[in-house]
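Visitor: Could you walk me through this structure, one question at a time?

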Amino acid sequence: MDLIATLKRHFGYDEFRPLQEEIIRDALAGRDVFVLMPTGGGKSLCFQLPALMRDGLTIVVSPLISLMKDQVDALQTSGIPATFLNSTLERQEAVARWRGLHRGDYRMLYVAPERLMLEPFLERALNWNIAQIAIDEAHCISEWGHDFRPEYRELKKLRQHFPNAPFMALTATATERVREDIVKQLQLREPRCYVASFNRPNLTYRVIPKSAPYEQLLAFIHSRPTDSGIVYCASRKSAESLARNLNEDGVSAKPYHAGLTGAERTKNQEFFLRDDVRVVTATIAFGMGINKPNVRFVVHYDLPKNLESYYQETGRAGRDGLPSECVLLFSAGDVAKQIHFIDEKGESEARIARAQLQQMVHYAETRECRRATLLKYFGEEYPPRDETIGGHRPPLQTSCDSCDNCLTPRETFDGTIPAQKFLSCVHRIQAKSGFGFGLNHVVDVLRGADTEAIRQRGHNELSTYGVGRELKRDAWQAVGRELLRLGLIECAPGRFATLALTLAGREALRSRTPITLTKQIDVAAREQRARPGAIECDELLFEQLRVLRRKLADERGVPAYIIFSDVSLREMAKHYPTNASEFRRIPGVGEQKLKDFAEPFLGEIKNYLAAHPRRTFSDDVNPLLPQRRRR
């Protein structure tokens, strides 16, 4: 069974991404499979390739109409017989597709769970040769998941209707509890479970202090005049005003939020997918099923509620593996807003939300590698242990080279004196009152504020009252948060989030232990080095190929990336293929795309070379040799 030959013939790639081959072999062996693979990891191929290698129909359960059309367009452009059934089809077209299904014309059918589970649909499906059932976005079946959908619950009945069909459940995000729930709900039989690394090496993570947020955002987007991206906002109002302001400043943008009608959301998403607008300003309503591989940046204009949401949303950047940026604009004011909303929740819900917010703030303020911090949240170690050297980390691999803290490490200073003042103030407040107070109250005492709360409790009589007038309020708040991260103070759960010294904090205070603190982030954006995934190429030719790709896409009525990804175009602009044999070796060129697109792209390259010299690049290799780029 030559999987690589099939991969190259239909999808144009010479090798698999991590875990894809093992998953595909298990699927072809008729086993049930559970796949947890982050966005951009290549989940779809895990059921698409097996569908081409055996007789019968693969049913793909997908929750979003836009995603169905996108995937089917891509498959058909690659010469693969696939279709979908949903409410967007005219009756005549739907009837034609039903007939095709009964004739066995298709290898893949995309359908929403609520349609699939209708009794008439299931009765018809019993007449088809079902080779496999793939449930995409499988976390939607679990009430413990972040995006539970009641209609997914009905899918547990599928096993009764199709007892002999192997199942594959796929998701980009799931905790251990959600994974177990998915397996249980879908009644997967002794499933092979695959969990891919959450690391996205081509993404650069940066946090910028929010000072003049709109001006910062506009400067960032203007510095990337051809890139498209997503700007996440906390509110519908913010999404609307940002889109309006960006358009006025010459950046094509559309909003996306739950306050728009379904038709408006679909239209705005389509504008973005087809590159008619460069930027979408969106609330968290925008995201699942966005299959656009060339999103070059994701900016969080406001602070996300938790690290899981942040990871998912940043994951929409760089699905094609090319360098992409994830920027968070951070301010203490955003933290205060979140706490205000949390205080309106019930106590149990609020406790969890506070803990999640604290993790998010820790990520934003840490001086450690942001990638390592993010992966640690998902239970993954970075850098990974190397089993070949006794399970230890490689001694020289201490930087990810693609987050701001690793590229330009933040300055530290001897913070023993301010730390001692803070720890002493927490200790004396508790000794005086018999209980602790929150961060803001401690800062008020240190700065000698004249507040009713301080006078009423006699905290203006403490020896630490006013000993911190030399630092501004936000600087003391940063010291407090860093001492929390260092484990020298702890924050009590509950609405009032009072501070207390830990055992380590008491020992540091008693022994006057030297304490290193981090300087606050400089407002200026930081320079970056070349990043993983970059493909050096002839940029002028790349732009001309992009124009040609857009023309061909418009003629076919599909998004540009359905024709070829940016990776494929960059490889063309690097190796200058001049005949069909060389063009076939470009990643992403399968047999159908060779037939359909070789002539126009080779013609464009030939015309370009007639007017411009061929360039060579530092990591160039002979284009006549097979290229080995991952899908």
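Guide: Happy to! Please keep in mind that this is a predicted model. A good place to begin is strand S1, residues 33–36, which runs parallel to S7 and is joined to S7 by 4 bridges.

Visitor: Which residue in S7 stands opposite Phe34?

Guide: Let's follow the pairing of S1 with S7, two strands that run parallel. Looking across from Phe34 into S7, the residue opposite is Cys193.

Visitor: In what order do the strands of that open sheet come?

Guide: The sheet has 7 strands, and their pairing is parallel. Its edges are strand S3 (82–85) and strand S7 (192–195), each pairing on one side only. Reading from one edge to the other gives S3-S4-S2-S5-S6-S1-S7.

Visitor: Helix H10 packs on the sheet, but what angle does its direction make with that of S1?

Guide: Helix H10 spans residues 176–185 and touches S1, strand S6 (167–171) and S7. Its direction and that of S1 make an angle of about 150°.

Visitor: How far apart in space are Ser44 and Gln71, C-alpha to C-alpha?

Guide: Ser44 sits in helix H3, residues 43–52, and Gln71 is 27 residues away from Ser44 in sequence. Their side chains are joined by a polar contact of 3.1 Å. From C-alpha to C-alpha, the separation is 8.8 Å.

Visitor: Is H24 roughly parallel or antiparallel to H28?

Guide: Helix H24 (residues 539–556) packs against helix H28 (residues 591–611) at an angle of about 150°, and their axes are 11 Å apart. The cut-off for this label is an angle over 145 degrees. Therefore H24 and H28 are roughly antiparallel.

Visitor: How many residues of the contact of H24 with H28 are nonpolar?

Guide: H24 passes H28 in a right-handed crossing. H24 contributes residues including Leu541, Leu545 and Arg549, while those from H28 include Phe597, Phe601 and Glu604. Besides 1 polar and 4 charged residues, the count of nonpolar ones is 10.

Visitor: Which strands are the edge strands of the open sheet of 6 strands?

Guide: That sheet has the order S8-S13-S12-S9-S11-S10, with parallel pairing. The twist from one strand to the next averages 20°. Pairing on one side only marks the edges, which are strand S8 (203–209) and strand S10 (253–256).

Visitor: And what is the bridge partner of Gly229 in S11?

Guide: Strand S9 (residues 228–232) and strand S11 (residues 279–282) run parallel, with 4 bridges joining them. In S11, the partner of Gly229 is Val279.

Notes
Residues are numbered from 1 along each chain as its sequence is written. This is a predicted model: local features need pLDDT of at least 70, side-chain atom pairs count only at pLDDT 80 or more; totals for chains, interfaces and linings use all residues. Side-chain values use heavy atoms; hydrogens and water are left out. Two strands pair if DSSP finds at least two bridges between them. Contact means heavy atoms within 4.5 Å. Axes are lines fitted to C-alpha atoms, for helices over the stretch in contact, and angles run from 0 to 180 degrees between N-to-C directions. A polar contact is a pair of N or O atoms within 3.5 Å; within protein, one must be able to donate a hydrogen and the other to accept it, and residues adjacent in sequence count only if both atoms are side-chain atoms. Angles under 35 degrees count as roughly parallel, over 145 as roughly antiparallel, 65 to 115 as roughly perpendicular and the rest as oblique. A crossing is left-handed if the near helix is turned anticlockwise from the far one by less than a right angle, and right-handed if clockwise. Ala, Val, Leu, Ile, Met, Phe, Trp, Tyr, Cys and Pro count as nonpolar, Asp, Glu, Lys and Arg as charged, and the others, Gly among them, as polar.
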